[in-house]
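Student: I should like to learn how to read a protein structure. May we work through an example together?

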Amino acid sequence: MPKTFYITTAIDYTNSAPHIGHAYEKVLADVIARYHRLKGEPVYFLTGVDQHGQKVQQSAEKREIPPQQFVAGITEQFIALWDKLEVRYDGWAATTNPLHKQCVQGMLERLWNQKQLYRDKQSGYYSVRQEQFLTDKERGPDGNFGPEWGTVEYREEENYYFTLSSHKEWLLKFLSSHPAFVTPSFRQTELVNAVEKLGGDLCISRPKSRLNWGIELPFDPEYVNYVWFDALSNYLSFVGYDPNLTDFSSQPSTFLDKWPALHVIGKDIMVPAHGIYWPIMLHALGFPDDRMPGLLVHGWWNIGGAKMSKSVGNSVDPNTLVDKYGAEAVRYYLMSDIVTGKDADFSEERLVARYNSDLANNIGNLVSRTLNMLNRFCHARLNARASDFNSELQSQARAQRERFQQSADEFSTPGMLAAADCLSSRCNEAIDREKPWELAKDRGRQAKVACLLYELAEAVRLIALFISPVLPRAAHGVFDQLQWKMELGGKEERFSAGDMEWGQLPEGHVVGKPAPLFPRFT
Ligand code: MSP
């Protein structure tokens, strides 16, 4: 059995509706998953929702509805959006699922028995309004806690703690021997710096008097877990990890086939959650170093350089965008106009401009010109064999195929799309230069026209493969117009990296009529 490529995204908080930042992460993971399917690998893509916690409890209370009902409503919005954006996942991680609860409790029970969890007293200043203990970081320049914290009182509270700091040296050693744990590498450097500053253990509980919307601690019914054992463990509980089996290698094969995962997350949740708590939790549970997951840390979409936020009122609703421009235009923009790992500024004007220039004017135009000319000058029939020539377009196609594959392996979605865009530009330039409509007037140059049109059809076929992870619908559209692999119409198996070899279209193949693929936005 080949190993399954296991990819996850952060599970989204269900305290408010999805925005374009959430959409970016899901589409990015979807594109990586589709690329691995293109390569013929088995893929398991897990995503979901983070349903417990203080904020959800508060939002539900404000609306005077039970938290279950509140999260069900928001969860529905996320599911509908992923559907609309053609995000194709295999597993759905909703943390209120009883299966998940059982797994989290099993893990906590085991760590409690292994004395990796302990009970301790915490005392300090507590904000009643925000329901949290405050540290000196929260003090204003005058040394006092600001009005945003409401009434602040001194409190003592008992809680449960995870022995995080005892694993600090292990984590530092692990990071130095596994420099590719985090992509991009500058984030790993950031992580190492943060681990070096690590002190203290991790509080993992809240008394039920403060928070009851969570998973109860198996060894103390007066407490619920807070928050990371619940949230992060979804990556294990939904793929069959059995917390009762201490020996890692005796885990069920359904789990071992998939693990380790590639976690796609935003930069804000690398430190401390995914970069510190998570590997230490796994280590404490007995995961070997060579079975630690990888982190792909992406940047943020901002608005005019500022953070997108509901309360500021600058958050972009992906639903509105999809309704206006369609799913593929939104997917194209999100995948092409940001460097994976870095931040970018969201702009609707750029969405329109890039769609018009790259898709309508370049690729769409090439497909329609190629099919038009094949219909006009060759009766829609390919009258040449790939072995008849060795042209510049063919070597361009090879170079762009390499660029596509290398970019995809480095998670660079702009690079994947640039491969399609470049090959298309070279083809359009060749058409402008060779002017097949002039050549076609000359009987003696029919063979040259046939050769050029064959090469253009092959390039168009490759371009469809290059865009297929980001624009599956358009890629199907191109194949349909080429009348290629019609028996797999609408199916993802229609696209295969093995078909990226030049010269697959046979001599005598008949193509269809052109139809608009990317109508211009005005
Ligand atoms: N529930 C936690 C994650 C738990 S994972 C075990 C969470 N949820 S979140 O809804 O706040 O964010 C979900 C993901 O969306 C995170 O990876 C976050 O980085 C990402 N983004 C949130 N805002 C974003 C942008 N403006 N731009 C890009 N991604 C953004 O964190």
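Student: How many bridges join strand 7 to strand 9?

Tutor: Please keep in mind that this model is predicted. Strands count as paired when at least two bridges are found between them. Here, two bridges join strand 7, residues 152-162, to strand 9, and these strands run antiparallel. Within strand 7, you may look at Tyr161, which stands opposite Cys203 in strand 9.

Student: In what order do the strands of the sheet lie?

Tutor: The order is 6-5-7-9, four strands with antiparallel pairing that form an open sheet. Strand 6 (132-133) and strand 9 (202-203) each have a single partner strand, so one side of each lacks a neighbour in the sheet. Helix 4, residues 98-113, packs on this sheet and touches strand 5 (117-127) and strand 7. The direction of helix 4 makes about 105° with that of strand 5.

Student: Which residues come nearest to the ligand?

Tutor: A residue belongs to the surroundings of a ligand if one of its heavy atoms lies within 4 Å. There are 22 such residues, and Ile11, Glu25, Asp50, Gly266 and Asp268 come nearest. By type, the shell holds eleven nonpolar, seven polar and four charged residues.

Student: Which atoms of Ile11, His22 and Glu25 should I examine?

Tutor: For Ile11, examine a polar backbone atom, 2.8 Å from a nitrogen atom of the ligand. In His22, an N or O atom of the side chain is 3.1 Å from a ligand oxygen atom. For Glu25, a polar side-chain atom lies 2.5 Å from an oxygen atom of the ligand. The protein buries 95% of the 670 Å² that the ligand exposes when taken alone.

How values were computed. Residues are numbered from 1 along each chain as its sequence is written. This is a predicted model: local features need pLDDT of at least 70, side-chain atom pairs count only at pLDDT 80 or more; totals for chains, interfaces and linings use all residues. Side-chain values use heavy atoms; hydrogens and water are left out. A polar contact is a pair of N or O atoms within 3.5 Å; within protein, one must be able to donate a hydrogen and the other to accept it, and residues adjacent in sequence count only if both atoms are side-chain atoms. Accessible areas come from the Shrake-Rupley method with a 1.4 Å probe; for residues, only the protein chains shown count as cover. Ala, Val, Leu, Ile, Met, Phe, Trp, Tyr, Cys and Pro count as nonpolar, Asp, Glu, Lys and Arg as charged, and the others, Gly among them, as polar. Contact means heavy atoms within 4.5 Å. Axes are lines fitted to C-alpha atoms, for helices over the stretch in contact, and angles run from 0 to 180 degrees between N-to-C directions.
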